[in-house]
Amino acid sequence: MGGELNLIIEYVSPYGDSIEFSKETAFRVKETEGFGDTRLTELTQRAPYQVGQSFLGARAQSRNPVMVVDVSASSREELLKKRNELSRALMITPAEPGQETDIGILRVYREGMPTVELEAMPRESPQFGPMTGYNVEADIEFYCPHPYWRETQDTLIELVEDGGFTFPMEMPLEMATFNLQQEIENQGDVPASPLLRIYGVCTQPRIINVTTGEMIEINGDVKDGEYIEIQTAFGQKRITSVNGTERTNAMSRLNLDVSTFFQLQRGINLIRFEADQNISGRALVYWRARYGGV
């Protein structure tokens, strides 16, 4: 798209540097590409002598947002400083063998719509064109390993047998509600990966997505002062027992016979908390809607 965009884009580096691109700053977005489209790779197979191919499915590719930015200043000296500021904010340090590469956050603010973000890292330093007066254009490209934009704050419900108001450990976008069974409306474009927490005291607790028939069940007791944290995101699946500041791998407590790391499907999901014995147990469900583009 051409022309200056009425859009606010922010990049926050893993080192704490932050830079904003908008018409209110010295870094004005002129063009963008790769912010709105989600590309798929088809998965197929072909048998000997088969006409055509058999379709097995598709997967979403990583995302590569690109921006053309106009950097402006009131003097040549100021313009050189702005160039350096942009280069510094988009600096990335390559990882040594065996180490993970730090990654930042690319965030998009839109009037009247949810703020969304992606994990992102610059693919290279800004590519500057020739200076024209006290202006210079810069081409910027990011690599985003996950293709779907996500909301910046968690939404939360609390599943508890008895009424009464309690505060969650983290303040969510929405206040908690109090039911043993609750509808979650995923208004995003794709399924969302919930983060689940089960608090004691209870025995053999389970969280069920009644809509899909899937559940996650934990063997044994969840004790007073303990909670079980369940991360369902692809590539990050884990179960952790948390007691104070102590965090212990609890994947062995998963009941493999009945459990699935379920997702919140698009639309309404009826979620239920149960336990074979529930004295004071409750469950928290955190999630963020995800979108195919901005």
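Q204 is a good place to start in this predicted model. With a relative accessible area of 14%, Q204 counts as buried, because buried means under 20%. Q204 belongs to strand β16, and its phi is near 50 degrees, a positive value in a residue other than glycine. For context, most residues other than glycine have a negative phi, and most peptide bonds are trans. That background also helps with another spot in the chain. Which peptide bond is cis? The bond from G200 to V201 is, and its omega is near 20 degrees. V201 sits in the loop between β15 and β16 (202-209).

Now step back to the whole chain. Its secondary structure consists of one helix and 24 strands. There are 294 residues, and 40% of them count as buried. Taking contacts between residues at least 6 apart in sequence, 66% join residues that are at least 24 apart.

Here are three buried residues to find in the structure, with their relative accessibility.

| Residue | Relative accessibility |
|---|---|
| C144 | 0% |
| C202 | 1% |
| L118 | 2% |

Two residues in the table are cysteines, which raises a question about pairing: how many disulfides are there? The count comes to zero.

The third residue, L118, is placed in strand β8. Leaving out residues up to four places away in sequence, L118 touches R63, G104, I105, L106, C144, H146, P147, Y148 and W149. One of these partners is C144, itself buried at 0% relative accessibility. L118 also gives a sense of how the chain folds back: L118 and R290 are 172 residues apart in sequence, yet their C-alpha atoms are 10.0 Å apart in space.

Next comes the interior. In soluble globular proteins, nonpolar side chains tend to be buried together. Here the largest nonpolar core has 29 residues, and those with the most contacts inside it are I9, F21, M67, L86 and F142. Several elements give two or more residues to this core: β1 (8-12), β2 (18-21), β3 (27-33), β6 (66-72), α1 (76-89), β7 (104-109), β8 and β10 (135-143). Which of them gives the largest share? That is β10, with four residues.

M67 offers a closer look at this region. Apart from its neighbours within four places in sequence, M67 is in contact with I9, F21, V29, E31, T32, F35, A138, D139, I140 and F142. A second core, separate from the one just described, has 24 residues, including L159, A192, I216 and F261.

Finally, look for open space. Rolling a probe the size of a water molecule over the atoms shows where empty space is left. The largest pocket holds about 1,000 Å³ of space. It is lined by 27 residues, and R150, S193, A233, Q236 and R290 are the closest to its centre. R290 is the residue already met as the distant sequence partner of L118, 172 residues away. The elements giving two or more residues to the pocket lining are β5 (54-60), β8 (116-122), β15 (195-199) and β23 (282-287). Among the contributors, β8 provides the largest share, three residues. What classes of residue make up the lining? Eleven are nonpolar, six are polar and ten are charged.

Definitions and conventions: Residues are numbered from 1 along each chain as its sequence is written. This is a predicted model: local features need pLDDT of at least 70, side-chain atom pairs count only at pLDDT 80 or more; totals for chains, interfaces and linings use all residues. Side-chain values use heavy atoms; hydrogens and water are left out. A disulfide is a pair of cysteine sulfur atoms within 2.5 Å. Buried means under 20% relative accessible area, exposed over 50%, partly exposed in between (1.4 Å probe, protein chains only). On a 1 Å grid over the protein atoms alone, a cavity is a set of points where a 1.4 Å probe fits but cannot get out, and a pocket is an open set with protein on both sides within 12 Å along at least five of seven lines; lining residues have an atom within 4 Å of a point. Grid points are joined across faces, edges and corners, and a volume is the space filled by probe spheres set on the points. Ala, Val, Leu, Ile, Met, Phe, Trp, Tyr, Cys and Pro count as nonpolar, Asp, Glu, Lys and Arg as charged, and the others, Gly among them, as polar. A nonpolar core is a set of buried Ala, Val, Leu, Ile, Met, Phe, Trp, Tyr and Cys residues joined through side-chain atoms within 4.5 Å. Contact means heavy atoms within 4.5 Å.
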